[in-house]
Amino acid sequence: MTSYQLGQSGEELAIERLCQEGMQILETRWKDHAYETDIIAFDPVSDEMVFVEVKTRSSGLWGRPEDAIDRRKIMRCVRAADYYMRSRNIDYPVRFDVFAIVIPSSGKAKVEYYKDAFYAPLG
């Protein structure tokens, strides 16, 4: 499986889980200018826009997938969400969720879902 296919598989698992949670998927692999995010959803239970980052690995050899969400990645996610919300004049609260997925070549995928994984830094 190529890294692209691995990423696609991870995103499909994340979308499946979000749908099970009752969320409406609005965008997948959204890109506009320098901004991008894996999944944008709406959570009708909490009335929140949900920006989802999906990190997928084939093993834990290089660390846990969620460890790739560093301060720089958080800032990119926050800027993308801000741009998306402003460009569409959407006025809902925003939440940032993370999926950390390990899909070994043999065996079942391990999916960790972190709601409210991080908040937009102040300043």
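Reader: Before anything else, what are helices and strands here?
Author: They are DSSP runs: a helix is a run of H or I with at least four residues, a strand is a run of E with at least two, and the numbering goes from the N terminus. The model itself is predicted.

Reader: Where is R29, then?
Author: R29 lies in strand β1. With a relative accessible area of 34%, R29 is partly exposed.

Reader: What phi does R29 have?
Author: A positive one, about 50°, although R29 is not a glycine. Most residues other than glycine have a negative phi.

Reader: And H33, what is its phi?
Author: H33 also has a positive phi, about 55°, and H33 is not a glycine either. Its place is in the loop between β1 and β2.

Reader: Is H33 buried or exposed?
Author: Exposed, because its relative accessibility is 70% and the cut-off for exposed is over 50%.

Reader: What about G22, where does that sit and what is its phi?
Author: G22 comes just after α1, and its phi is positive, about 90°.

Reader: Stay with α1. What span should it have?
Author: Helix α1 covers residues 3-20, which is 18 residues, and at 1.5 Å a residue it should span 26 Å. Its end C-alpha atoms are 26 Å apart, so the expected span and the model agree.

Reader: Which residues of α1 are buried?
Author: L6, G10, E11, A14 and L18. These residues cover an arc of only 130° around the axis, which puts them on the same side of α1.

Reader: Which residues are exposed on the other side of α1?
Author: E12 and Q20 are exposed there.

Reader: What covers the buried residues of α1?
Author: The cover includes five strands: β1 (24-32), β2 (35-43), β3 (48-57), β4 (94-102) and β5 (110-118).

Reader: New topic, the core. How many residues are in the largest nonpolar core?
Author: It has 16 residues. Those with the most contacts inside it are I40, M49, F51, Y84, F96 and F118.

Reader: Which elements give two or more residues to this core?
Author: β2, β3, α2 (71-87) and β4 do. Of these, α2 gives the most, with seven residues.

Reader: You listed F96. What is F96 in contact with?
Author: Leaving aside neighbours within four places in sequence, F96 is in contact with F51, C77, V78, A81, Y114, K115, D116, A117, F118 and A120.

Reader: Which residues does the second core include?
Author: L6, M23, A41 and I101 are among them; this second core is separate and has 13 residues. L6 is also one of the buried residues of α1.

Reader: On to the rings. How many aromatic pairs are there?
Author: The count comes to eight. One of them is F42 with Y92: the centres are 4.9 Å apart and the planes are at 65°. Planes over 60 degrees apart count as edge-to-face, so that is what this pair is.

Reader: Where do F42 and Y92 sit?
Author: F42 is in strand β2 and Y92 is in the loop between α2 and β4, 50 residues apart, so to speak of distant parts of the chain is fair. F42 is buried, with a relative accessible area of 11%, whereas Y92 is partly exposed at 40%.

Reader: Why is the pair of F99 and Y113 stacked?
Author: Because the planes of the two rings are at 5°, with the centres 4.3 Å apart; under 30 degrees counts as stacked. F99 belongs to strand β4 and Y113 to strand β5, 14 residues apart. F99 is buried, with a relative accessible area of 0%, and Y113 is buried too, with 13%.

Reader: Which rings are linked into a cluster?
Author: Ring pairs link W30, Y35, F51, Y83, Y84, F96 and F118.

Reader: Where is S106?
Author: S106 is in the loop between β4 and β5, and S106 is exposed, with a relative accessible area of 58%. From S106 to V45 is 36 Å in space, C-alpha to C-alpha, and 61 residues in sequence.

Reader: Last one. What pLDDT does the chain average?
Author: The average is 90, and 97% of the residues score at least 70. Among the elements, α1 has the lowest mean pLDDT, 90, and β2 has the highest, 96.

Notes
Residues numbered from 1 in each chain as written. Predicted model: local features only at pLDDT ≥ 70, side-chain atom pairs only at ≥ 80, totals over all residues. Heavy atoms only, no water. Expected span 1.5 Å × (residues − 1). Buried < 20%, exposed > 50% of the residue type's maximum accessible area, 1.4 Å probe, protein only. Arc of directions from axis to C-beta. Contact = heavy atoms within 4.5 Å. Core = buried A, V, L, I, M, F, W, Y, C linked by side-chain atoms within 4.5 Å. Phe/Tyr/Trp six-rings, centres within 6.5 Å; stacked < 30°, edge-to-face > 60°. pLDDT = per-residue confidence, 0-100.
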